[in-house]
Amino acid sequence: MAKRTAGWGSLPWLLFLVLVLVSRSKTLTAGFLQVEMAGKTQMVFLNKNATVFCKIPDSPHLNIRHMGVTWFWKSRGSETEVKVFEFFGNHKMAFRPGAGVSPWRLERGDASLQLPAVQLGEAGEYRCELVVTPQKAQGRVQLEVVAHPVSSVFQERDPVRGSEDRRILCKSSGFYPDKINITWTKWPQKDSQDQEVSEGIVTGPTIKNEDGTYNVTSYLRLKPSLEDNMTVYQCVVWHPSLLTRQSFNFTLTLMGSEKKAGLQSIIQSCLESILIILIRFFSFLAVSIGYGSSQATGVTPAAAVTMPDP
């Protein structure tokens with residue numbers, strides 16, 4: 001009985017030893033405080049609310065009284081950092097209007113920075129510095145501010161009077177950065193596959209707006225015939241802010257007068273071709289008849305012409 005009592009009496013010491021080892025293991029794990037960002041680069045949209053990510057992976061519930069976070073920003077090409085936001089205990093300060101970190105999310109290890117209505121000038125490097133006493137970790141990310149183009153396709157309203165040319169315009173506006181690509185394709189009414197258009201395209205220079213965004217216009221010059229009626233022309237726009245290419249269609253519709261003019265042109269071409277064929281035929285016939293008569297008389301047309309008068 002004495003031995004059993006001694007055995008059960010040593011159990012609390014064993015439990016205490018296990019708890020110490022577990023506690024020590026947690027302390028060592030916590031010694032490697034790290035933060036995760038959204039990669040090296042994060043893209044946000046102009047005038048939209050943005051979240052710059054900074055999180056402690058697999059974080060337990062934290063006591064925000066014993067932790068703090070500071071966000072810094074520096075523009076591209078600059079070495080000077082500027083404070084954007086800081087939070088320590090009961091102290092909170094936003095150096096950029098509207099900037100903030102959610103205390104509720106911070107308790108769960110999420111120190112992401114909220115920025116309302118981001119502007120182009122706020123692009124650059126953001127640094128998240130997180131302190132969980134007595135440890136500290138930090139992460140950096142390049143923030144790119146972009147604006148997607150707003151595009152439309154339409155026919156020029158006032159073509160040159162008397163000209164048969166048509167101009168289909170594709171206008172993209174309000175995009176950033178200025179790198180953009182515009183191409184043209186078409187679907188003839190009798191063809192089920194699109195065809196790339198390479199002739200008659202003029203794309204103007206990018207024009208900078210007051211807010212820093214850009215505009216550009218590309219137009220397609222056409223000399224439509226009757227066969228082009230109901231052909232679908234497509235303007236295809238690509239920009240870094242777009243996940244996929246944008247396509248805008250325009251269906252060419254010829255007016256009654258243009259159809260009549262096109263028909264008249266076709267008829268005129270046919271008549272001209274027939275006339276040329278007839279001229280050639282009668283010329284050949286005349287030569288053949290002249291050659292036959294010369295064979296019958298024994299005198300060639302050339303000899304009859306060159307013989308002197310008696």
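**Starting from glutamate 81**

Let's begin with glutamate 81, which counts as partly exposed at 30% relative accessibility. Keep in mind that this is a predicted model. The partner to look for is arginine 140: these two form a salt bridge, with the closest N and O atoms 3.8 Å apart. Arginine 140 sits in strand β8 while glutamate 81 is in the loop between β3 and β4, so the pair ties together parts that are 59 residues apart in sequence. Like its partner, arginine 140 is partly exposed, in its case at 41% relative accessibility.

Now widen the view a little. Which residues are linked with glutamate 81 and arginine 140 in a network of salt bridges? Besides Glu81 and Arg140, the network takes in Lys74, Glu79, Glu125, Arg127 and Glu129. Zoom in on glutamate 129 and arginine 127, which form a salt bridge whose closest N and O atoms are 3.0 Å apart. Are these two buried or exposed? Glutamate 129 has a relative accessible area of 18% and arginine 127 one of 9%. The cut-off for buried is under 20%, so glutamate 129 counts as buried, and arginine 127 does too.

In total, the structure holds 10 salt bridges. Another one worth a look joins the side chains of glutamate 122 and arginine 96, at 2.6 Å from N to O. Glutamate 122 lies in the loop between β6 and β7, and arginine 96 in the loop between β5 and α3 (103-106), so this pair ties together parts that are 26 residues apart in sequence. Both glutamate 122 and arginine 96 are buried.

Time to step back to the strands. Six of them make an open sheet, and if you walk across it you meet β1, β8, β7, β3, β4 and β5 in that order, with mixed pairing. At the edges are β1 (41-45) and β5 (91-94), each of which pairs on one side only. Going from strand to neighbouring strand in this sheet, the average turn is 25°, direction ignored. At the β1 end, β1 pairs with β8 (residues 135-146) in the parallel sense over 5 bridges. If you want a spot to click on, take glutamine 42, whose bridge partner in β8 is leucine 143.

What about the nonpolar side chains? The largest nonpolar core has 35 residues, and Val69, Trp71, Leu106, Leu113 and Tyr126 touch the most other members. Strands that each supply at least two residues of this core include β3 (67-74), β4 (82-88), β7 (124-132) and β8; β2 (50-52) and β6 (113-115) do as well. There is also a second, separate core of 18 residues, with Ile168, Ile180, Val237 and Leu252 among them.

Finally, some backbone oddities in the loops. Proline 134, in the loop between β7 and β8, follows a cis peptide bond from threonine 133, with omega near 10°. Another cis bond runs from tyrosine 176 to proline 177, with omega near 0°, and proline 177 is in the loop between β10 (166-175) and β11 (181-187). Then check alanine 117, in the loop between β6 and β7: its phi is positive, about 50°, although it is not a glycine. At 37% relative accessibility, alanine 117 is partly exposed. Methionine 230, in the loop between β15 (214-222) and β16 (232-238), has a positive phi near 70°, and is partly exposed with a relative accessible area of 38%.

Key:
Residues are numbered from 1 along each chain as its sequence is written. This is a predicted model: local features need pLDDT of at least 70, side-chain atom pairs count only at pLDDT 80 or more; totals for chains, interfaces and linings use all residues. Side-chain values use heavy atoms; hydrogens and water are left out. Two strands pair if DSSP finds at least two bridges between them. Helices (H or I, at least four residues) and strands (E, at least two) are DSSP runs, numbered from the N terminus. Axes are lines fitted to C-alpha atoms, for helices over the stretch in contact, and angles run from 0 to 180 degrees between N-to-C directions. A nonpolar core is a set of buried Ala, Val, Leu, Ile, Met, Phe, Trp, Tyr and Cys residues joined through side-chain atoms within 4.5 Å. Buried means under 20% relative accessible area, exposed over 50%, partly exposed in between (1.4 Å probe, protein chains only). A salt bridge is a side-chain nitrogen of Lys or Arg within 4 Å of a carboxyl oxygen of Asp or Glu.
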